[in-house]
Amino acid sequence: MTTFDNREKAFEDKFARDAELQFKVAARRNKLLGLWAAELLKLTPEEAETYAKSVIHADFEEAGDDDVFRKIYGDLTARGIEISEHQVRRVMEEKMAEARRQFFESI
């Protein structure tokens with residue numbers, strides 16, 4: 001292999017690792033977000049775990065966070081919980097920061 005080939009391979013490996021880390025952090029954020037919403041929805045611990053998994057799965061609908069936002073915001077407002085879009089987005093940001101911290105503390 002040439003130096004160029006080695007550099008290209010290293011870049012591809014780093015890109016793959018970074019993408020995997022982003023995926024894991026986002027999944028952790030979605031679980032934390034789901035558990036937060038489950039608490040507002042007054043779900044049992046078993047229901048909360050199931051709900052958190054459904055939030056994780058909602059993230060596969062489209063690229064970005066809008067699919068997760070729509071699920072959480074829609075579920076909360078459908079249950080008559082008064083919450084603004086801004087509040088949900090703020091909690092999403094807080095849970096992302098918490099997920100990053102938890103993830104990097106665990107490795």
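Biologist: Why are the side chains of E49 and K31 said to meet in a salt bridge?

Modeller: A salt bridge requires a side-chain nitrogen of Lys or Arg within 4 Å of a carboxyl oxygen of Asp or Glu. In this predicted model, the N to O distance for E49 and K31 is 3.7 Å, so the pair meets the definition. The pair links distant parts of the chain, with E49 in helix α2 and K31 in helix α1, 18 residues apart. Helices here are DSSP runs (H or I, at least four residues), as strands are (E, at least two), numbered from the N terminus.

Biologist: What makes E49 and K31 count as partly exposed?

Modeller: Buried means under 20% relative accessible area, exposed over 50%, and partly exposed in between (1.4 Å probe, protein chains only). E49 has 34% and K31 has 36%, so each is partly exposed.

Biologist: What should be known about the basis of these values?

Modeller: Residues are numbered from 1 along each chain as its sequence is written, and side-chain values use heavy atoms, with hydrogens and water left out. Because the model is predicted, local features need pLDDT of at least 70 and side-chain atom pairs count only at pLDDT 80 or more, while totals for chains, interfaces and linings use all residues.

Biologist: How do you know that D65 and R29 tie together separate parts of the sequence?

Modeller: Their side chains form a salt bridge at 3.0 Å, N to O. D65 lies in the loop between α2 (45–58) and α3 (66–78), whereas R29 belongs to helix α1 (residues 3–40), so the bridge joins parts that are 36 residues apart in sequence. R29 is buried at 2% relative accessibility, and D65 is partly exposed at 36%.

Biologist: What separates K71 and D75 along helix α3?

Modeller: About one helical turn separates K71 and D75, because they are 4 residues apart in helix α3. Their salt bridge has an N to O distance of 2.8 Å. The search of the whole structure finds 10 salt bridges.

Biologist: Why is the pair of F103 and F104 called edge-to-face?

Modeller: Rings of Phe, Tyr and Trp (its six-membered ring) pair if their centres lie within 6.5 Å; planes under 30 degrees apart count as stacked, over 60 as edge-to-face and the rest as tilted. The centres of F103 and F104 are 5.3 Å apart and the planes stand at 85°, so the pair is edge-to-face. F103 is buried at 8%, whereas F104 is partly exposed at 44%.

Biologist: What makes the charged end of R89 sit over the ring of F69?

Modeller: The definition asks for NZ of Lys or CZ of Arg within 6 Å of the ring centre and within 35 degrees of the ring normal. The charged end of R89 is 3.9 Å from the centre of the F69 ring.

Biologist: Which residues touch the most other members of the largest nonpolar core?

Modeller: They are L33, W36, Y51, I72, L76 and V88, in a core of 17 residues. A nonpolar core is a set of buried Ala, Val, Leu, Ile, Met, Phe, Trp, Tyr and Cys residues joined through side-chain atoms within 4.5 Å. The elements α1, α2, α3 and α4 (85–106) each give two or more residues to this core.

Biologist: How do you know that the protein chain departs from a compact globule?

Modeller: The radius of gyration is taken over C-alpha atoms, and the globule rule is 2.2 Å times the number of residues to the power 0.38. A compact globule of 107 residues would have a value near 13 Å, but the protein chain has 17 Å.
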